[in-house]
Amino acid sequence: LYAGLCEENYTRIMQDLGLYSFVPARPYNVVIYKDAHEYHKKTGQPEWSGGAAYGNALLLFEGEALKATIGHEMTHLVFNEFMGLSQSAGLRWLNEGVAVYEESRSNQASAVFYDDRVRNAVAPNPIPFSQMINLVPQSESQRNVDRWYAQAGSVAGFMIRQGGSFSFSIFLGKLRDGAPVDKALEDTYGGLWKNLSDLEKAWKLEVQR
């Protein structure tokens, strides 16, 4: 069951992010604890944590959120390894954004939850992108209540749907090679968005219509 779920998520993540030619250095390990208590006790993760991507392993526990957590945390594994050491704190919005997007793609309950958050908490009062990329929550403890995650996921999904997976992989590659976000956007999506401000306007039109 878990192997199938992991394979299914992995395949979809690679397709959505356009990372067809990327092969992880080693197979990912998946550790599933029998419940939240055992997970917290053995991993030392904070009380709010529902799962973790650690090195090349996924640490998870049995429960109704398992499917969503696999989708979210596996995206972090892939993103972190693909981006390598060049990944800066300045890209945390994108890392979390694609993880939230893939979580909602993997699980109907998450899709409904985030759609609702975007409609009711983000669209009426979007976080300016200049803040979204800089004022990153220090931990995921606020994930369930924080509109920052819902907005980051909405923006990542918008980019993937509007620009296509292949372009998104080129965009990630340019960021990995050290390009600033605006330059990576212009080089990849010049016809659509030349910078973060263009992307922000286009995304707002979609979520606020």
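A residue is called buried when its relative accessible area is under 20% and exposed when that area is over 50%, with partly exposed residues lying in between. By this cut-off Phe-82 counts as buried, because its relative accessibility is 11%. The structure in which we meet Phe-82 is a predicted model, so a word about confidence belongs at the start. The protein chain averages a pLDDT of 91, and 94% of the residues score at least 70. Confidence is lowest in β2, where the mean is 87, and highest in helix α10, made of residues 196–207, where it reaches 97. Where pLDDT is low, the predicted coordinates should not be read in detail.

We can stay with Phe-82 for a moment and look at its partner. A pair of aromatic rings is described by the distance of the centres and the angle of the planes. For Phe-22 and Phe-82 the ring centres are 5.5 Å apart and the planes stand at 85°, which is over 60 degrees, so this pair is edge-to-face. The pair links distant parts of the chain, since Phe-22 belongs to the loop between α1 (2–17) and β1 (29–33), while Phe-82 belongs to helix α3 (residues 66–83), 60 residues apart. Phe-22 is also buried, because its relative accessibility of 15% falls under 20%. Phe-82 has a further neighbour in Arg-176, which lies over the face of the ring at 4.4 Å from the ring centre. Elsewhere in the chain, one aromatic cluster is formed by Phe-158, Phe-168, Phe-171, Tyr-189 and Trp-193.

From the rings we turn to the strands, with β3 (57–61) as the place to begin. Five of the five residues of β3 are buried, so that this strand is mostly covered. In a regular strand the side chains alternate between the two faces of the sheet. In β3 both faces are covered, with buried Ala-57, Leu-59 and Phe-61 on one side and buried Leu-58 and Leu-60 on the other.

Which strands pair with β3, and in what sense? β1 and β3 run parallel and are joined by five bridges, and within β3 it is Leu-58 that stands opposite Val-30. β2, by contrast, pairs with β3 in the antiparallel sense over three bridges, and there Tyr-54 has Ala-57 as its bridge partner. β2 and β3 form a hairpin with two residues between them, and Gly-55 in the turn has a positive phi of about 60°.

Asn-56 is found in the loop between β2 (52–54) and β3. Is Asn-56 buried or exposed? With a relative accessible area of 15%, which is under 20%, Asn-56 counts as buried. Its side chain reaches the backbone oxygen of Pro-27 at 2.8 Å. Apart from residues up to four places away in sequence, Asn-56 touches Arg-26, Pro-27, Tyr-28, Asn-29 and Leu-77.

Helix α2 (residues 36–43) brings us back to the three strands, for its buried residues pack against β1, β2 and β3. Among the residues of α2, Glu-38, Tyr-39 and His-40 are buried. The N-terminal end of this helix is capped by Asp-35, which has a side-chain oxygen 3.3 Å from the backbone nitrogen of His-37. After α2 comes Gly-44, whose phi is positive, near 75°.

Two residues in other helices offer a contrast in exposure. Val-100, in helix α4 (residues 92–106), has a relative accessible area of 2% and is therefore buried. Leaving out residues up to four places away in sequence, Val-100 touches His-72, Tyr-114, Tyr-149 and Gly-153. Its C-alpha atom is separated by 8.6 Å from that of Ala-156, although these two residues are 56 residues apart along the chain. Lys-67, in helix α3, has a relative accessibility of 39% and so counts as partly exposed, because this value lies between 20% and 50%. Lys-67 is in contact with Leu-5, Ser-106 and Asn-107, once its neighbours within four places in sequence are set aside. Lys-67 and Glu-103, which are 36 residues apart in sequence, are 8.2 Å apart in space from C-alpha to C-alpha.

Technical notes:
Residues numbered from 1 in each chain as written. Predicted model: local features only at pLDDT ≥ 70, side-chain atom pairs only at ≥ 80, totals over all residues. Heavy atoms only, no water. Helix = DSSP H or I, 4+ residues; strand = E, 2+ residues; numbered from the N terminus. Buried < 20%, exposed > 50% of the residue type's maximum accessible area, 1.4 Å probe, protein only. Polar contact = N/O pair within 3.5 Å; in protein donor to acceptor, adjacent residues only side chain to side chain. Contact = heavy atoms within 4.5 Å. Phe/Tyr/Trp six-rings, centres within 6.5 Å; stacked < 30°, edge-to-face > 60°. Lys NZ or Arg CZ within 6 Å of the ring centre and 35° of its normal. pLDDT = per-residue confidence, 0-100. Pairing = 2+ DSSP bridges.
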